[in-house]
Amino acid sequence: MTLRVFLIEDNPTIRDLLVGLLEDATPCEVIAMAESENEALRWLARNAEGWDLLVADLFLTEGSGMEVVKACARRLPHQRVVVLTNYAEAANDRALSQGADAVFDKTGQFEDFLAYASERAAAGGQRR
């Protein structure tokens with residue numbers, strides 16, 4: 001099953017790279033993207049059940065990915081929230097305590113992140 005991914009990343013180069021890699025290397029489809037906290041929160045309010053995997057950077061040009069993670073605390077059982085950041089070590093405990101299911105470093109754990117997305121899709125981590 002194809003995992004529906006909502007991507008929150010403000011850097012267009014990284015965003016384009018992530019979309020390409022996710023869609024080429026994993027059974028995922030990036031169904032929506034946001035560049036800011038407010039844009040992400042608005043999309044989530046309109047699409048509470050319309051995603052399977054939310055991928056958020058923590059440091060956005062406008063707002064914080066951590067606020068988006070917190071806003072997902074009340075989500076469907078199959079929905080997963082992943083933080084993908086350059087500051088994974090520093091943010092790991094806080095992100096997990098705020099509701100993230102996993103935290104990955106963009107530079108050192110990118111393969112692990114792609115494997116996580118693939119595993120979620122293979123495990124049937126989608127709509128019930």
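In this predicted model, the side chain of Asn11 reaches the backbone nitrogen of Ile14 at 3.1 Å. A polar atom of that Asn11 side chain also lies 2.9 Å from the backbone nitrogen of Thr13. Asn11 sits in the loop between strand S1 and helix H1 (12-25). Its relative accessibility is 30%, so Asn11 counts as partly exposed, the buried class being limited to values under 20%. Lys106 is 95 residues from Asn11 in sequence, while the two C-alpha atoms are 13 Å apart in space.

Helix H1 also holds Arg15. With 10% relative accessibility, Arg15 counts as buried. The side chain of Arg15 reaches back to the backbone oxygen of Glu9, at 2.9 Å. Apart from neighbours within four places in sequence, Arg15 is in contact with Leu7, Glu9, Asp10, Met33 and Glu35. Two of these partners recur in the pairing of S1 with S2: Leu7 stands opposite Met33 in S2.

The strands can be taken next. S1 and S2 run parallel and are joined by six bridges. Together with H1, these two strands make a right-handed β-α-β unit. They belong to an open sheet of five strands, in the order S2-S1-S3-S4-S5, with parallel pairing. Strand S2 (28-34) and strand S5 (102-105) are at the edges, and each has a single partner strand, so one side of each is left without a neighbour in the sheet. On average, neighbouring strands of this sheet are turned by 25° against each other, direction ignored. Strand S3 (residues 53-56) pairs with strand S4 (residues 80-85) in the parallel sense, over four bridges. In this pair, Leu54 stands opposite Val81 in S4. Strands of a sheet pair through backbone hydrogen bonds.

Two helices can be placed against the strands. Helix H2 (residues 37-46) lies across strand S1 (3-8), S2 and S3, and runs at about 120° to S2. Helix H5 (residues 110-122) lies across S1, S2, S3, S4 and S5, running at about 165° to S4.

Which residues touch the most other members of the largest nonpolar core? They are Phe6, Ile8, Leu44, Trp51, Leu54 and Val83, out of 23 residues in that core. At least two residues of this core come from each of S1, S2, H2, S3, helix H3 (65-71), S4 and helix H4 (88-97). Leu44 is in contact with Phe6, Trp51, Leu54, Val68 and Cys72, leaving aside its neighbours within four places in sequence. A second core, separate from the one just described, has 20 residues and includes Val19, Leu53, Phe113 and Ala117.

Phe113 also appears in the surroundings of Phe104. Is Phe104, a residue of strand S5, buried or exposed? Phe104 is buried, because its relative accessible area is 9%, against a limit of 20%. Beyond neighbours within four places in sequence, Phe104 is in contact with Val82, Val83, Leu84, Thr85, Ala88, Gln109, Asp112, Phe113 and Tyr116. Phe104 and Trp51 are 53 residues apart in sequence, and their C-alpha atoms are 20 Å apart in space.

How values were computed
Residues are numbered from 1 along each chain as its sequence is written. This is a predicted model: local features need pLDDT of at least 70, side-chain atom pairs count only at pLDDT 80 or more; totals for chains, interfaces and linings use all residues. Side-chain values use heavy atoms; hydrogens and water are left out. Two strands pair if DSSP finds at least two bridges between them. Axes are lines fitted to C-alpha atoms, for helices over the stretch in contact, and angles run from 0 to 180 degrees between N-to-C directions. Contact means heavy atoms within 4.5 Å. Buried means under 20% relative accessible area, exposed over 50%, partly exposed in between (1.4 Å probe, protein chains only). A polar contact is a pair of N or O atoms within 3.5 Å; within protein, one must be able to donate a hydrogen and the other to accept it, and residues adjacent in sequence count only if both atoms are side-chain atoms. A nonpolar core is a set of buried Ala, Val, Leu, Ile, Met, Phe, Trp, Tyr and Cys residues joined through side-chain atoms within 4.5 Å. A crossover is right-handed if, with the strands pointing away from the viewer, the path from the first strand over the helix to the second runs clockwise.
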